[in-house]
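Reader: I would like a close look at one part of this model, with the cut-offs stated as you go. Please start with how far the model can be trusted.

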Amino acid sequence: MSGAPNATMSSNKFSATDHAMMARALRLAERGAYTTKPNPLVGCVIAHGGEIVGEGFHQRAGEPHAEVFALREAGDRARGATAYVTLEPCSHSGRTPPCAQTLIEAGVARVVAACGDPFEKVAGKGFDALRAAGVTVEIGLMEAQARAINRGFFSRIERGRPWVRVKLAMSLDGHTALASGESRWISSEASRLDVQRWRARCGALLTASGTVLADNPNLTVRMDDDEAFVTPLRVVLDPGLAIPEDSHILDASAPTLLLHAPDARVAGYLRARDRASIPSHAGMLDLDAALRLLATRGINEVQTEAGATLCGALLRAGHVDELLLYVVPVLLGARGKPLFGGWDAETMAERFDLQMIETRTVGTDLRLLLQPRAVNA
C-alpha cells in the first residue's frame with residue numbers, strides 16, 4: 001500500500017516527548033477496535049511539552065472524533081498546545097463537524113500526525129486547512145504503527161478491497177480436521193474464546209456454502225456482556241444458493257449477505273434475504289468481485305473462517321493478507337484435511353513465504369499471526 005499524503009517528515013526530526021505522546025495516542029486509538037467500523041481508529045493527545053491536558057479516541061461511527069473528546073478535556077488549555085493525532089484531521093462536514101477547523105478554533109499551535117488520510121474528502125485537505133490558519137503541521141511520526149492499526153481502512157481506500165485475514169486451527173502434523181471432516185474441537189476453549197475478539201474487530205466474517213452445509217456454523221461474536229462491539233456482517237459464498245432454510249447463518253442473531261452466481265435459482269425462503277450476484281467461472285465465484293463488493297459496503301477487515309477450498313482459492317488469488325493460525329498440540333494422521341486446497345509448490349522456489357508478526361500462547365495452543373512477505377501493512 002502506498003504511503004500517506006504529505007508524509008515527508010522523518011521520525012528522527014521528532015523529540016522523545018513527541019514519540020511518547022504519539023505512542024499514547026495510538027494506545028487510545030486501539031480502544032475503538034470493536035466499535036468504530038467502518039471508520040478508522042483514531043486517538044488524540046493534547047499536550048504542553050510533557051504535560052497531557054486532554055486526550056480522547058474515536059468511539060463509534062457518527063459520534064465525535066478523537067480530537068473533539070481531547071479538546072473537550074483540555075478546555076482553554078488547548079490554546080498554544082500540540083495536538084498529537086494518529087490520522088489526519090478531517091476537513092469536511094459529514095455526520096460530525098470538520099476536526100481541522102475545531103483544532104484551529106481551539107487555538108492549537110502545532111499538530112503532529114502519524115499519517116495522512118487517503119479518503120478523497122480528506123487526503124491532505126485537513127493539513128492544508130491547518131497550515132493556512134498558521135498551525136504548524138508535522139507528519140510521519142510512528143506512521144507504520146498508525147497504518148498497521150488501520151490496515152483494513154487503508155486497504156479499502158487504497159486497494160479497493162478489504163484486508164483479508166484467514167483464521168485456521170491446525171494439528172502439529174499440519175491438518176485442520178480428520179479425513180472424515182470432523183474438526184470439533186481441534187483447538188482449546190481458550191483459543192475459541194480468543195477468536196471472538198478477532199471476529200469482533202472485523203467488518204465481515206466470510207465463509208462458503210460447503211462449510212455451512214458441513215458444520216452449520218453460527219458465525220456470531222460472543223463477548224462479555226459489558227463489552228461493546230459492532231456486529232460483523234456474515235457473508236456466504238453460495239454460487240447455487242444451496243444452503244437450507246434452517247441454517248444457523250440465516251438466523252436473526254446477525255446480518256447475513258449471500259453472494260451467488262447470476263444464474264442461481266432463488267428459493268422462496270431466500271428471496272427476501274440480502275443477496276447479490278457476482279461473476280462466476282466454472283462454478284466458482286469471482287473472489288476479487290466479492291471483495292470489491294464488500295468494500296463498497298464499508299467493510300474494512302474480512303475474517304475468513306472456512307474450509308480448504310475457499311482458503312486455497314483466496315491464497316491462489318493473492319487475497320490472503322494475514323493468517324491467524326492456532327497450532328494445537330495434537331496429531332491427526334496422514335489423511336487429515338489440509339489448510340489450503342488446490343495449491344501445491346512443485347519446487348522450493350514456488351513456496352509461499354510468510355513473515356512472523358506475532359506469536360502467543362493461548363491456553364494449550366500456540367497462536368501465530370503471519371503475513372505474506374509481499375504485504376506491507
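Reader: What pLDDT does the protein average, and what percentage of the residues score at least 70? After that, please go through the lining of the largest pocket: which residues lie nearest its centre?

Author: The model is predicted, with local features needing pLDDT of at least 70 and side-chain atom pairs counting only at pLDDT 80 or more, while totals for chains, interfaces and linings use all residues. Residues are numbered from 1 along each chain as its sequence is written, and side-chain values use heavy atoms, leaving out hydrogens and water.

The protein averages a pLDDT of 92 (the predictor's confidence in each residue, from 0 to 100), and 94% of the residues score at least 70. Residues 1-11 have a pLDDT below 50, although this stretch has 36 contacts beyond near neighbours in sequence; contact means heavy atoms within 4.5 Å. Where pLDDT is low, the predicted coordinates should not be read in detail.

Now the pocket. A pocket is an open set of points on a 1 Å grid over the protein atoms alone, with protein on both sides within 12 Å along at least five of seven lines; lining residues have an atom within 4 Å of a point. The volume of the largest one is about 1,300 Å³, taken as the space filled by probe spheres set on the points, which are joined across faces, edges and corners. Its lining comprises 46 residues, and nearest its centre lie Thr211, Asp215, Glu305, Ala306 and Gly307.

At least two lining residues each come from strands E6 (163-171), E7 (204-208) and E12 (284-285) and from helices H7 (189-201), H8 (209-215) and H10 (308-316). Helices (H or I, at least four residues) and strands (E, at least two) are DSSP runs, numbered from the N terminus. H7 gives the largest share of the lining, 7 residues.

Ser187 is placed in the loop between E6 and H7. Ser187 has a relative accessibility of 14% and therefore counts as buried (under 20% relative accessible area, against over 50% for exposed and partly exposed in between, with a 1.4 Å probe and protein chains only). Neighbours within four places in sequence aside, Ser187 is in contact with Ala169, Arg192, Val328 and Asp365.

Elsewhere, the charged end of Arg147 sits over the ring of Phe154, 4.2 Å from its centre; this requires CZ of Arg, or NZ of Lys, within 6 Å of the ring centre and within 35 degrees of the ring normal. Phe154 is buried, with a relative accessible area of 0%.

Terms used:
1 Å grid on protein atoms, 1.4 Å probe; cavity = no way out; pocket = protein on both sides within 12 Å on 5 of 7 lines; lining within 4 Å.
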